Amino acid sequence: MISSTRKPLPTDSASILDLKEVRVHFPVGSDWMGRPKGLAHALNGIDLDVRGGETLGVVGESGCGKSTLAQLLMGLIKPTSGSLNWIYNDAHERSSNVQIVFQDPQSSLDPRLPIWKIITEPLFVQRSAPRGEMREIAAKVAEQVGIRTEYLERFPHQFSGGQRQRIAIARALSSNPDIIVLDEPTSALDISVQAQILNLLQELQRSRDLTYILISHNVSVVRHMADRVAVMYLGQIVELGRTAEVLERPRHPYTRLLLEAVPRLGAPLDNAQVAAPTELPGNRQLPTGCFFRDRCPLATTGCDKPQLLAAAAGAIGDNLVRCHLESVVG
Ligand code: SF4
């Protein structure tokens with residue numbers, strides 16, 4: 001059973017990372033001279049602050065830009081334009097150390113390494129701890145995630161799926177990250193162990209003051225874990241706000257369609273289930289005005305005007321709804 005004792009997000013929790021108008025475009029194809037034939041517009045103006053100690057859920061269909069956002073936060077790709085700033089203050093020096101827990105612990109752990117080496121991989125890469133201390137650090141972190149220290153010399157195949165995900169979580173923790181990206185952390189696990197892993201993540205967050213970015217297709221997981229939720233569509237955040245507000249009273253037409261597609265017990269979202277009249281458009285040729293225009297049941301003639309959307313975004317305090325009709329939609 002998923003624990004119900006989750007910590008409330010402090011109202012004064014400070015931003016630790018600020019993204020402003022971030023765009024990421026990738027070249028696609030090439031002509032006979034090797035020049036790119038076009039651009040894939042993966043992220044198209046992301047404005048987002050990540051707050052210390054929160055869990056920020058990110059939801060949307062496959063291809064909406066969630067994975068590119070994760071890669072950007074990990075420092076694996078650079079923004080094409082816009083800014084991504086870590087916020088430093090005297091109390092908490094930020095180091096832009098972002099770690100990730102992947103969906104499939106089977107493929108994310110090197111089968112040739114004993115788990116103490118896997119757990120301390122980030123420390124080896126960052127050269128942030130003496131080699132002689134690595135095993136001791138691995139033992140401490142393994143204990144925190146419920147892996148017995150006498151198992152440290154074992155290899156990944158000697159563990160169950162749930163234990164392997166605990167090892168992946170230990171690896172993410174070992175370098176004391178500022179943010180951990182949880183990329184569908186339970187979707188490859190048996191139902192019986194999903195709740196254990198979610199409870200472990202929540203306990204670790206409370207005890208270590210961790211900040212999570214939770215990427216998930218599973219709305220029930222987001223509902224249990226996230227303090228705020230960002231809904232992404234075609235590389236933009238179309239709605240952002242407190243989880244209860246966004247999931248109980250969605251204001252953007254896309255969020256509504258997305259939630260209507262989720263069966264009551266919260267099965268994973270599937271592109272084919274989203275009750276929009278057309279498929280998610282490709283990201284090579286972006287629409288003018290609202291990106292959701294061709295699929296939106298409420299589209300009007302004003303929806304092709306970018307300036308209307310700019311005025312609507314951020315119009316309701318802390319929340320963002322990228323729709324100029326949001327005041328009448330709600
Ligand atoms: Fe729909 Fe127009 Fe709102 Fe876009 S701006 S979500 S097309 S109503």
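**Exercise 1. Find the place of Glu 21 in the secondary structure, then say how open it is and what it touches**.

Step 1. Look along strand β1 (residues 15-28) and you'll meet Glu 21. Helices (H or I, at least four residues) and strands (E, at least two) are DSSP runs, numbered from the N terminus. A word on the ground rules: residues are numbered from 1 along each chain as its sequence is written, and side-chain values use heavy atoms, with hydrogens and water left out. This is a predicted model, so local features need pLDDT of at least 70 and side-chain atom pairs count only at pLDDT 80 or more, while totals for chains, interfaces and linings use all residues.

Step 2. Now the backbone: Glu 21 isn't a glycine, yet its phi is positive, at about 50°. Most residues other than glycine have a negative phi.

Step 3. How buried or exposed is Glu 21? With a relative accessible area of 37%, Glu 21 is partly exposed. The scale goes like this: buried means under 20% relative accessible area, exposed over 50%, and partly exposed in between (1.4 Å probe, protein chains only).

Step 4. Leaving out residues up to four places away in sequence, Glu 21 touches Gly 45, Ile 46, Asp 47, Ser 81 and Gly 82. Contact here means heavy atoms within 4.5 Å. Take Ile 46: it sits 25 residues from Glu 21 in sequence, but the C-alpha atoms are 5.0 Å apart in space.

**Exercise 2. Do the same for Asp 209: where does it lie, and what is its phi**?

Step 1. Go to the loop between α7 (191-208) and β7 (212-215); Asp 209 lies there.

Step 2. Its phi is near 55°, a positive value in a residue other than glycine.

Step 3. Asp 209 counts as exposed, because its relative accessibility is 55%.

**Exercise 3. Work out which residues of helix α5 are buried and what covers them**.

Step 1. Helix α5 spans residues 134-144, and its buried residues are Met 134, Ala 138, Ala 139, Val 141 and Ala 142.

Step 2. Here's a handy rule: an α-helix has 3.6 residues a turn, so residues three or four places apart point the same way.

Step 3. The cover over the buried residues of α5 includes α3 (115-119), α4 (121-126) and α6 (161-173).

Step 4. Carry on just past α5 and you reach Gly 146, with a positive phi of about 85°.

**Exercise 4. Place Leu 247 and Ser 108, and list their contacts**.

Step 1. Leu 247 is part of helix α9 (residues 243-248). Its relative accessibility is 11%, so Leu 247 counts as buried.

Step 2. Setting aside residues up to four places away in sequence, Leu 247 touches Val 219, Arg 223 and Leu 259. From Leu 247 to Leu 259 it's 12 residues in sequence and 7.5 Å in space, C-alpha to C-alpha.

Step 3. Ser 108 belongs to helix α2 (residues 105-108). At 16% relative accessibility, Ser 108 counts as buried. With residues up to four places away in sequence not counted, Ser 108 touches Phe 102, Ala 168 and Arg 171.

**Exercise 5. Describe the shell of residues around the ligand**.

Step 1. The ligand is surrounded by 12 residues, and the closest are Cys 290, Cys 296, Cys 303, Cys 323 and Leu 325. A residue is near a molecule if one of its heavy atoms lies within 4 Å of it.

Step 2. Sort the shell by type and you get nine nonpolar, two polar and one charged. In this sorting, Ala, Val, Leu, Ile, Met, Phe, Trp, Tyr, Cys and Pro count as nonpolar, Asp, Glu, Lys and Arg as charged, and the others, Gly among them, as polar.

**Exercise 6. Zoom out: what do the numbers for the protein say**?

Step 1. Its secondary structure comes to 12 helices and 10 strands.

Step 2. Of the 330 residues in the protein, 52% are buried.

Step 3. Take the contacts between residues at least 6 apart in sequence: 68% of these join residues at least 24 apart.
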